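Biologist: Before I trust any labels on a fold, I like to ask where they come from. Could you walk me through the reasoning?

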Amino acid sequence: MQRYKILHRTYYNFSGPVRLEPHALRLRPREGHELRIESSSLKITPAATLRWHRDAEDNSVAIATFDSTASQLLIESNVIIQQYNESPLDFLVADYATNYPFAYRPDDWVLLSPYMNVAEDPAHGLLAEWVANVWRPGERIQTYALLQRLCTRIHQTLAYQLREEPGVQAPAETLSRGSGSCRDSATLFMEAARLLGLAARFVSGYLCVPPSTANFGATHAWAEVFLPGAGWKGFDPTLGDIAGSSHIAVAVARLPESVPPVAGSFVGPPGANLDVGVWVTELK
């Protein structure tokens, strides 16, 4: 078991006093048999009333509502977790899905079909061409090996680019540019897996690694694929490897734009500056 402390600060500085509309906060890690929350606190200035719920993807969401105007909004999440996913490769895929290609069982397909729809893309052919260079019809390969090949190919052929602007690049744009952020690489992996007929979803969370060109103390993104017998397994194309104990999932979604850590609006003078800081520390 490993323990991590996660400090996530978000500052909005407005050009003048504004009225804050309700904000949706996805900052609490997803709990389960692999992750437990030891302690958690959420500090918001100006003071806010919080209402918690689980969304359709079972993500924990806090809705913050405000009574006073403000020129600055501070949201500070402080969480300590216990991470038990120390052997991410310790899983067994069901016999019928060990090798690719395979078909999901009908009962699973009903639930997984929304995660298998490839997003509409004017340059869809570019993605299909790229996937054809990763796997060609007729090739028999272990399903995990194919996903790891896909993950490694993105890591080796695309340059990491820190992008602070909102939004996610379409896979064709990422391929054309030859670069992208972690969320762009995760989206490319997800769409490529779907094109191969596999159920995939987007993951937003945190990563505990030393600062590098791929980690500037920000939130992180990767993808998960549903493997029968093993469940949802994470793959991080930014690092080129399976998601492990240093990956801390906060929210999952069919679409990447559905799970921003903080989402809301304000009424008042236009203009706002955003400053975000994330620190993930391993505890003894």
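Modeller: What follows is a set of questions about labels in this structure, which is a predicted model.

Biologist: Let's start with strands. What makes S4 and S5 a pair?

Modeller: Two strands pair if there are at least two bridges between them. Seven bridges join S4 to strand S5 (residues 60–66), and the two run antiparallel, so they count as a pair. One of the contacts puts Trp 52 across from its bridge partner Ala 62 in S5.

Biologist: And why is S4 called an edge strand?

Modeller: The open sheet has four strands in the order S4-S5-S2-S16, with antiparallel pairing. Strand S4 (48–54) pairs on one side only, and strand S16 (262–263) does likewise.

Biologist: What makes you say that strand S6 is largely enclosed?

Modeller: Buried means under 20% relative accessible area. In strand S6 (residues 70–83), 11 of the 14 residues are buried, so the rest of the structure largely encloses it. Look at its partners too: strand S1 (residues 2–20) joins S6 through 13 bridges, running antiparallel, and Gln 2 stands opposite Gln 83. Strand S3 (residues 35–45) also pairs with S6 in the antiparallel sense, over 10 bridges, with Ile 44 opposite Ile 75.

Biologist: Now charges. How do you know that Glu 38 and Arg 3 form a salt bridge?

Modeller: The cut-off is a side-chain nitrogen within 4 Å of a carboxyl oxygen. For Glu 38 and Arg 3 the N to O distance is 2.8 Å, so the pair passes. Glu 38 lies in strand S3 and Arg 3 in strand S1, so the salt bridge ties together parts that are 35 residues apart in sequence.

Biologist: Is that Glu 38 buried or exposed?

Modeller: Neither label fits: partly exposed is the range between under 20% and over 50%. Glu 38 counts as partly exposed at 37% relative accessibility, and Arg 3 is partly exposed too, at 22%.

Biologist: What makes Asp 55 and Arg 26 a salt bridge?

Modeller: Their N to O distance is 3.9 Å, and the limit is 4 Å, so they qualify. Asp 55 sits in the loop between S4 and S5, and Arg 26 in the loop between strand S2 (23–25) and S3, so this pair links parts 29 residues apart in sequence. Arg 26 counts as buried, with 15% relative accessibility.

Biologist: Which residues make a salt bridge within helix H5?

Modeller: Glu 191 and Arg 194 both lie in helix H5 (residues 182–195), three residues apart, about one turn of the helix. Their side chains meet at 3.2 Å, N to O, and both residues are buried. The count for the structure comes to nine salt bridges.

Biologist: Why is Val 110 called exposed?

Modeller: Exposed means over 50%, and Val 110 has a relative accessible area of 58%, so the label holds. Val 110 lies in helix H1 (residues 106–112) and forms a nonpolar surface patch with Trp 109 and Leu 111, about 360 Å² of accessible area together.

Biologist: Last one: what lets you call the largest empty space inside a cavity?

Modeller: A cavity is where a 1.4 Å probe fits but cannot get out. The largest cavity holds about 50 Å³ of space, and the count comes to two cavities of 30 Å³ or more. Its lining includes Trp 52, Ala 62 and Ser 77, and S3 gives the most, with three residues.

Notes. Residues are numbered from 1 along each chain as its sequence is written. This is a predicted model: local features need pLDDT of at least 70, side-chain atom pairs count only at pLDDT 80 or more; totals for chains, interfaces and linings use all residues. Side-chain values use heavy atoms; hydrogens and water are left out. Patches are made of residues with over 30% relative accessible area and no salt bridge: like charges are joined within 9 Å, nonpolar side chains (Val, Leu, Ile, Met, Phe, Trp, Tyr) within 5 Å. Accessible areas come from the Shrake-Rupley method with a 1.4 Å probe; for residues, only the protein chains shown count as cover. Buried means under 20% relative accessible area, exposed over 50%, partly exposed in between (1.4 Å probe, protein chains only). On a 1 Å grid over the protein atoms alone, a cavity is a set of points where a 1.4 Å probe fits but cannot get out, and a pocket is an open set with protein on both sides within 12 Å along at least five of seven lines; lining residues have an atom within 4 Å of a point. Grid points are joined across faces, edges and corners, and a volume is the space filled by probe spheres set on the points.
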